Every structure is written in C-alpha cells, then in structure tokens.
Amino acid sequence: MDDLRVHALEGVMLCIPEGYEKLLKIHSSSTEESQVYVISPVHEGPLCLSGLLESAKKKDEILWSSLEQSQLAWLDLSSKLNIRDEIVSSLIRKGFEDMEDILRSVWLLEDISESTLKYFASLTSYYLALIASAYFNSNGITASLIAADKAVRQKSFTRGATFIYGDLIQPKIKVLSHEGESEYTACLCAVNADGALTFWNNRSLLCTARKKDIPSAKVIERLSFAEATELSFFGAPIVHPHYFIPAQSQGIPIELKFWGDITSKGTIITDKKSVQDRRFPIKAFSVMRDISIINIEGAGMSGIPGISSRLFTALRREGISVILISQASSEYSICFAVPSSQVTMAAACARYEFESELNNHQIGSISAVSNMAILAAVGDVMSGQIGVSGKFFSALAKAGVNISAIAQGSSERNISAVIRECDSLKALSQVHASFFLSAQTMSVGVFGPGNIGGTFLNQIASEKERLQDQFGLDIRIRAIASSSRMLLSEEGIDLSKWRELFEVASQEYDLNKFLAHVGSEYYPHSVLVDCTTSNELASMYSRFLEKFHVITPNKKAATGSYSYYKEMFETCKRTGKRFLYETTVGAGLPVINTLNDLIQTGDEVKKIEGMLSGTLSWLFNRYDGTVPFSQLVLQAKEMGYTEPDPRDDLSGMDVARKTVILAREIGLDVELENLNITSLVPDKLKDASKEEFLSRLSEMDDEIYTKYKEAKDRGEVIRYVGRVDNGKCSVSLESFGSNHPFASASGTDNVITFVTSRYVESQPLVIKGPGAGREVTAGGVFADLLRLAIYLGAGIL
C-alpha cells in the first residue's frame with residue numbers, strides 16, 4: 001500500500017486543459033511510486049457523446065454537424081495541451097468514424113440499445129485517459145492505459161501513471177445518478193493490488209454542514225465508514241456507500257478530496273479506532289429537502305399484528321422509497337417520509353391497502369404533508385453519551401422550530417427530525433452552532449470605533465487568545481461601523497490590524513446589512529456594542545433586543561422616556577436577551593451591578609448620592625479659590641476633560657442622566673425633564689455661541705467663589721452631585737462636611753454612596769474611583785461583555 005495509490009476521478013474534471021495541469025500537480029506531490037487514475041465518462045458539456053445518439057434516434061439533420069463539432073472539440077482539447085503525439089489524434093478520428101456507423105444504425109432503427117449507450121459513454125472515458133497519458137508522457141512521466149475490466153484483476157501496476165478507462169465496473173445494486181462511477185472500479189483495483197485510495201469530487205470538501213448553508217462549517221478530518229454511510233444517505237457530498245463496500249470490507253482507508261482545492265487534506269474514511277473528542281459527539285449535520293410525510297392514525301391498529309408489514313410491503317411493490325419511519329409505542333400511529341415526487345402515489349397506495357380498515361374506522365385517517373425536510377445528526381461518539389439528543393432538540397426549540405417526527409437508530413449513530421422545509425436553514429444553523437461552535441462563541445458588532453470603541457477593540461485584541469485558551473470563550477468581532485463606513489468579516493476581524501483593515505477594506509455603512517451580518521443564524525450568540533452617543537441608535541435598542549444582546553456606555557436609551565425604558569426590559573424578558581449598560585454610570589466602576597445586588601438580595605435602598613461627573617469632580621477637587629473657576633474650566637478643556645463645548649458638562653445634564661438611571665434601577669418612574677437640575681451655566685450664557693460663552697466664562701467666577709467661601713467657613717467642601725432621596729431626584733452644587741466620603745475625592749473620582757436598610761446613614765456603602773477616561777470606560781464595556789458570557793454559560797473564574 002506504500003507504493004500504490006488509486007484515484008477515482010470524474011470525467012468532467014478533465015474536460016479542460018487546466019484539469020490536466022492540476023492532475024500533474026497531484027501526481028508530482030504524491031509519495032507513492034505508482035499512481036492509478038480511474039476516469040469516469042463525460043455525461044454533459046461539449047465533450048459528451050450521448051446527445052449524438054438522441055439526435056440520431058430523432059433523425060435530426062443537425063446530427064452530422066454536431067458529430068463534426070464534437071470531434072473538433074476533442075481534438076482541440078488535445079491541441080491545447082500541446083500533445084504532438086499523432087497516435088492520439090488518429091485514435092480519436094478512428095473512434096469517430098466507428099461512431100458514425102453506429103449513429104447511422106440508430107438513425108434507421110430509431111432506437112438506442114443499452115450497450116450502445118454504454119459504448120458511447122466509455123469512449124469519453126477512453127479519450128480522456130488517452131489524452132491524459134499522452135500529456136503525462138510529454139511531461140516526462142511514464143504513463144500507460146488499461147481497460148477497466150482488466151485493471152480490476154491486476155495485482156500490481158507499473159511505476160508512473162496508469163489511466164483506467166472504459167465500461168467501468170458498477171456495484172450489483174443499481175445507484176441512480178452518474179456520480180461515483182469511477183469509485184467502485186477504483187475500490188476493486190485498490191483491494192486487488194493492496195493500494196491506497198483517494199476519491200476526488202467536484203462539489204466541495206466534506207464539512208460539518210454544507211458550506212452554502214453554514215459558511216463557518218469546518219472540514220471533517222476523519223469519518224468512519226458507518227458515519228459516511230449515514231451522511232451519504234442524507235445527501236452529503238460523498239459517494240454512495242455501495243461504491244466503497246470493497247474498500248470497507250478490506251479495511252482500506254479512503255481519502256475524500258475536493259478537486260477545487262487539491263492542497264486541502266480533505267477527509268479520511270476509516271474504521272481504525274482513533275481518539276475522538278467527546279466534546280463534539282456529532283460529526284456532521286445534513287439536510288434532505290423536498291420531503292413529504294404520511295401519517296396513518298387509528299385506534300384499531302393497536303395490537304394488530306402485520307399492519308406495518310402490509311404497509312411497507314405495499315409501498316415496496318410500488319417502488320416507493322421510504323426515507324424515515326416513526327411509530328408510536330401505543331401503535332396508534334405510523335408516520336413515514338418519502339420524496340415529495342412520490343407522496344401522491346404513496347398516500348394512494350396506503351389508502352388502497354387499508355381500504356377495509358378505513359371503512360370500518362379501525363384507521364381514522366391517512367394524511368400527507370408536503371414541503372418538509374429531514375435534519376439529520378450523525379456521529380459514532382453519540383452512542384452512550386448522555387444529553388446529545390436533549391441538546392439537539394433543545395437547540396431546535398430555541399430556534400422556534402416545530403418537530404413533526406423523530407427517528408433514532410438503536411446504534412445511536414443518527415438522530416433525524418422531520419421539520420418544515422422553510423425552517424430547515426435556521427434549524428441547521430442553530431444545531432450546528434450548538435455542537436460545533438463553542439457555546440460561548442459570540443458574533444459581535446461594534447458601533448463607534450472612536451476613543452472608547454477603539455480602546456475596547458484593542459483591549460479585546462490583547463485578551464482574546466487568553467480567554468479562548470483558558471475558558472473556551474470565543475469573541476469574534478465580525479463587524480465595526482462608523483457613521484459612514486463599516487468593516488465586515490465572516491470569521492472575525494483581525495484585531496491586531498483592525499484600523500488598517502477599516503481604512504482599506506471598509507464599505508459604505510448600511511445598518512440592515514450590518515445587522516444581518518452580525519446576526520447570522522449560524523452563530524449561537526449575537527451582540528451589539530454601541531460606543532457612540534447616537535440618539536438614533538439608542539432609539540432602536542428595543543428593536544435590536546429582539547435578536548441581539550446589547551452593551552453600551554450610551555446613556556440616551558436608559559434615560560429616554562420611561563415607557564421606552566420599560567419597553568426595552570419587557571423585550572429582554574420576552575426574548576431572553578440582555579441589555580448591559582454598567583458604563584452609563586461611573587464608567588468602569590461597579591455601580592449598577594452593586595445596586596442590583598442590593599435590590600435582588602432584598603435590601604431597601606433609601607438614598608443614593610453621587611459625584612457622577614469626572615469633569616465636574618476634577619474642577620471642584622482642584623478649586624480652592626486661588627485660581628478663578630473659569631481658568632480651571634479652560635484648563636480642563638485643554639486637557640480633554642470637558643466636551644468641546646464645556647456647557648455640556650457645566651449644565652449638569654450628564655449628571656442628571658446618570659441620576660435618572662440610578663433612580664429607575666430602584667423602580668422609580670422618573671422622566672429626565674422632570675428633574676430639578678441646578679445648572680452652573682448662567683441663564684444669560686445658555687443660548688450664546690460657544691465662542692461668546694468661552695470669552696465670557698469669567699462671569700461665573702463670583703457666584704462659584706461665594707459658594708466656595710461660605711462652605712469653607714463652615715469647614716465644608718463644595719461638590720456637584722446627583723441625588724435620589726425618598727423618591728425624589730435632584731442635581732445641584734452642594735457643600736459637605738470633611739467627614740463625608742465626597743470630601744476625600746481627588747482627580748476625576750466618581751463617588752457614589754448608598755444608604756439602605758443594611759448600610760445606614762452614618763456608614764453608607766461607598767463606591768469610589770476614576771469615573772472618566774477611555775481606558776476605564778472601555779474596560780467597563782469589556783467587563784459587561786464578560787458578564788454576558790458568564791450568563792451564557794462561559795466558565796470564567
């Protein structure tokens with residue numbers, strides 16, 4: 001076996017010059033000294049010859065010009081490969097001369113015999129082998145030809161390349177379709193000559209699901225013959241099991257490879273035991289569409305011997321293929337699935353067989369349902385492993401897919417569910433994600449790759465590998481969007497160079513396309529992270545929460561109308577999605593989570609006070625009367641602590657929004673516009689231009705100094721705070737004694753105090769730390785993402 005490999009090729013692969021070049025590469029990269037290529041006939045395209053027979057049978061005058069064009073096509077293929085062997089062209093011409101005589105006979109008889117069809121098909125196989133051997137010889141590789149009937153009896157093959165052609169040997173059981181014609185012959189050759197075996201297909205690699213349906217599907221590295229049989233039955237792109245019986249009986253492994261990617265390792269079918277990862281008990285999923293089911297129901301069937309035998313004997317007589325059978329243990333009903341093309345005949349057959357039982361009401365009804373599909377899960381490791389079926393059916397329930405019938409073999413190698421065809425894609429997506437992607441794989445879309453969003457992406461980049469290695473958490477940033485551009489990636493954006501990729505590979509922003517991409521059904525969890533201050537996006541959170549988890553530092557949604565606030569959380573309850581917004585108050589500080597812990601454990605929150613603005617904290621922590629307050633504001637603006645227009649900070653609106661969020665967390669029906677807000681901006685400057693406001697900023701100084709001096713004389717400090725007290729909310733500049741937690745704040749510290757039944761006024765619960773800055777805010781968003789992962793089942797310690 002170390003010196004010989006037998007390849008099964010579809011004739012269509014060698015109908016163009018590039019096919020021969022590819023075949024030469026395959027040969028050169030193989031390690032075995034002898035390579036045998038079994039080539040199947042051509043059944044379509046300009047090189048196919050069966051159309052000539054049909055024209056002859058119909059006495060179509062176009063036959064003779066078609067015959068000439070066909071000969072030219074074959075000669076042209078040889079010519080394009082620079083084959084200068086005159087024997088090749090003469091043999092092709094001789095073959096067409098013989099064909100002409102046969103075609104004249106068909107013309108006269110108006111009939112095509114089975115042997116004639118086989119002969120014309122075998123000629124295409126012969127011509128391909130003839131051209132291939134000449135091409136190999138011209139490239140310095142010894143090549144020879146041998147007919148299939150002789151090849152299957154040979155015990156050895158010469159070094160170099162051997163091409164097998166002709167009327168290929170077929171299994172005794174007839175298999176519909178021309179696919180796989182070369183495989184059975186290849187098996188016989190490999191068995192007799194003790195060779196290795198490779199099957200090439202022209203459709204795709206064998207993956208955990210069809211790539212067209214699930215782009216994230218992975219190539220299956222190893223498969224047992226039993227698993228291959230199951231998958232083949234449900235339409236996976238591998239040969240029919242009847243074709244590999246000789247190899248299976250002798251224990252010869254089979255390589256399944258894809259002609260479109262000859263460098264891929266493909267799949268090995270073998271019954272040799274190997275260590276299998278029991279975390280992935282299912283090898284693959286397959287869907288058989290265009291199915292109908294027939295239900296036979298009736299109390300009179302219970303306990304009556306022979307009912308099933310009569311039914312399936314009758315169906316067999318009519319040549320009806322039964323794909324799946326499901327019967328209740330009560331024997332009240334029998335359900336079976338057939339191809340939709342046979343459903344009318346199958347239903348009529350059943351009604352005819354049980355006409356007497358129907359008339360006597362022993363059988364109540366025989367009904368048919370069309371537009372169905374069978375979703376099959378296949379895997380040897382399922383056997384004896386607890387919970388596989390439960391996980392499979394739970395995934396379907398999560399996808400909202402109704403199951404009409406279920407079948408599972410006693411070997412536990414296959415679980416099949418009959419579902420509506422229109423649900424087949426979302427069902428496949430959900431079960432594939434449940435078994436092949438980590439349960440903690442997240443498809444994440446990020447709005448706003450600016451200061452906070454960009455820092456968040458960089459933080460994810462630095463920790464992504466560790467989180468996946470240690471905890472199995474697979475965070476895939478699959479989309480990034482600014483206000484005008486977006487970058488999408490199927491498997492996940494390379495975060496080590498996301499900025500460069502955004503510059504060169506982004507496309508015009510389209511919200512619907514962005515959402516459809518992030519929400520791909522073949523990912524188990526979809527998350528939107530909004531790092532903008534957009535009112536428009538915030539107004540759509542309730543819509544987003546129908547399908548996505550939402551994480552944001554954007555305060556606009558949580559401080560919008562109370563009715564919208566309630567709508568968001570009602571949507572969360574209904575859909576099971578999470579809305580996480582810890583960073584809307586206190587940046588990265590654990591404010592909202594702490595408050596929720598108090599409430600959920602039964603504590604009564606009586607009062608909340610907070611220095612909630614990092615900018616205002618810095619201003620009043622620094623202010624001592626020696627430097628005018630207006631100069632500190634300008635200094636803060638230069639340091640980037642304030643918004644471009646400092647009035648956005650000085651107005652107190654940011655503190656007001658955070659106060660509203662805290663009030664709503666403890667159940668208060670509060671509207672932002674109803675808050676009592678003491679703005680630091682003089683009324684006469686509220687509507688001035690930014691430039692005028694900055695030039696007249698000193699007009700604030702006297703009032704601020706007066707309040708500072710009065711507080712200092714009392715031994716107190718002034719702080720700008722938000723308060724929730726006895727059901728009322730306010731935002732104002734106040735003074736506090738030196739023992740108050742606010743007095744010890746420094747820099748941009750946020751300080752929040754909770755007075756509760758457990759934490760009394762004299763010793764409140766205090767949270768203190770930096771309340772501004774892109775690093776801590778982005779870190780808070782990241783922490784929310786990890787909290788979501790834990791909620792979804794990630795084992796993060």
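Two strands count as paired here if DSSP finds at least two bridges between them. In this predicted model, strand 13 and strand 14 (residues 414-420) clear that bar, since four bridges join them and they run antiparallel. Within this pair, I406 has A417 of strand 14 as its bridge partner.

That pair belongs to a bigger picture. Strands 10, 11, 9, 12, 14 and 13 line up, in that order, as an open sheet of six strands with antiparallel pairing. The edge positions go to strand 10 (324-327) and strand 13 (405-408); each has a single partner strand, so one side of each is left without a neighbour in the sheet. From one strand to the next, the twist averages 30°. Two helices deserve a mention alongside these strands. Helix 10 (residues 307-317) lies across strand 9, strand 10 and strand 11 (333-339), and runs at about 15° to strand 11. Helix 13 (residues 388-398) also packs on the sheet, where it touches strand 9, strand 12 (365-378), strand 13 and strand 14. The direction of helix 13 makes about 15° with that of strand 14.

Strand 9 (residues 284-297) also holds a backbone oddity, D290. Most residues other than glycine have a negative phi. D290, though, has a phi near 60°, a positive value in a residue other than glycine. With a relative accessible area of 48%, D290 is partly exposed, because the buried class ends at 20% and the exposed class starts over 50%. E110 plays a similar trick: its phi is positive, about 55°, although E110 is not a glycine. E110 sits in the loop between helix 4 and helix 5, and at 44% relative accessibility it counts as partly exposed.

The helices on either side of that loop each have a packing partner to look at. Helix 4 (residues 86-109) goes with helix 3 (residues 62-80): their axes come within 11 Å and cross at roughly 160°. An angle over 145 degrees counts as roughly antiparallel, which means that helix 3 is roughly antiparallel to helix 4. The crossing of these two helices is right-handed. On the helix 3 side, the residues in contact are L63, W64, L67, S70, Q71, W74, L75 and S78; they meet V88, S89, I92, R93, F96, E100, L103, R104 and W107 in helix 4. By class, the residues of this contact divide into 10 nonpolar, four polar and three charged.

Helix 5 (residues 114-138), for its part, packs with helix 1 (residues 17-29) at an angle of about 60°, with the axes 11 Å apart. That angle makes helix 1 oblique to helix 5. Here, too, the crossing is right-handed. Y20, E21, L23, L24 and H27 come from helix 1, and they meet L128, I131, A132, Y135 and F136 in helix 5. The residues of this contact split into eight nonpolar, one polar and one charged.

Further along the chain comes a parallel strand pair. Strand 15 (residues 441-447) and strand 16 pair in the parallel sense over seven bridges, and M442 stands opposite I475 in strand 16. How buried is strand 16 (residues 474-481)? Eight of its eight residues are buried, so strand 16 is largely enclosed by the rest of the structure.

Another open sheet of six strands has the order 23-25-24-22-26-27, this one with mixed pairing. Strand 23 (676-677) and strand 27 (765-770) stand at its edges; each has a single partner strand, so one side of each lacks a neighbour in the sheet. Strand 23 and strand 25 (residues 728-737) pair in the parallel sense over two bridges, with N676 opposite S730 in strand 25. Helix 22 (residues 614-622) lies across strand 22 (605-611), strand 24 (716-725), strand 25 and strand 26 (749-756), and runs at about 155° to strand 24. Helix 25 (residues 653-665) packs on the sheet as well, touching strand 22, strand 23, strand 24 and strand 25, and its direction makes about 40° with that of strand 24.

One last residue is S630, which lies in helix 23 (residues 629-638). At 7% relative accessibility, S630 counts as buried. Leaving out residues up to four places away in sequence, S630 touches L697, S698 and D701.

Terms used: Residues are numbered from 1 along each chain as its sequence is written. This is a predicted model: local features need pLDDT of at least 70, side-chain atom pairs count only at pLDDT 80 or more; totals for chains, interfaces and linings use all residues. Side-chain values use heavy atoms; hydrogens and water are left out. Axes are lines fitted to C-alpha atoms, for helices over the stretch in contact, and angles run from 0 to 180 degrees between N-to-C directions. Angles under 35 degrees count as roughly parallel, over 145 as roughly antiparallel, 65 to 115 as roughly perpendicular and the rest as oblique. A crossing is left-handed if the near helix is turned anticlockwise from the far one by less than a right angle, and right-handed if clockwise. Contact means heavy atoms within 4.5 Å. Ala, Val, Leu, Ile, Met, Phe, Trp, Tyr, Cys and Pro count as nonpolar, Asp, Glu, Lys and Arg as charged, and the others, Gly among them, as polar. Buried means under 20% relative accessible area, exposed over 50%, partly exposed in between (1.4 Å probe, protein chains only).
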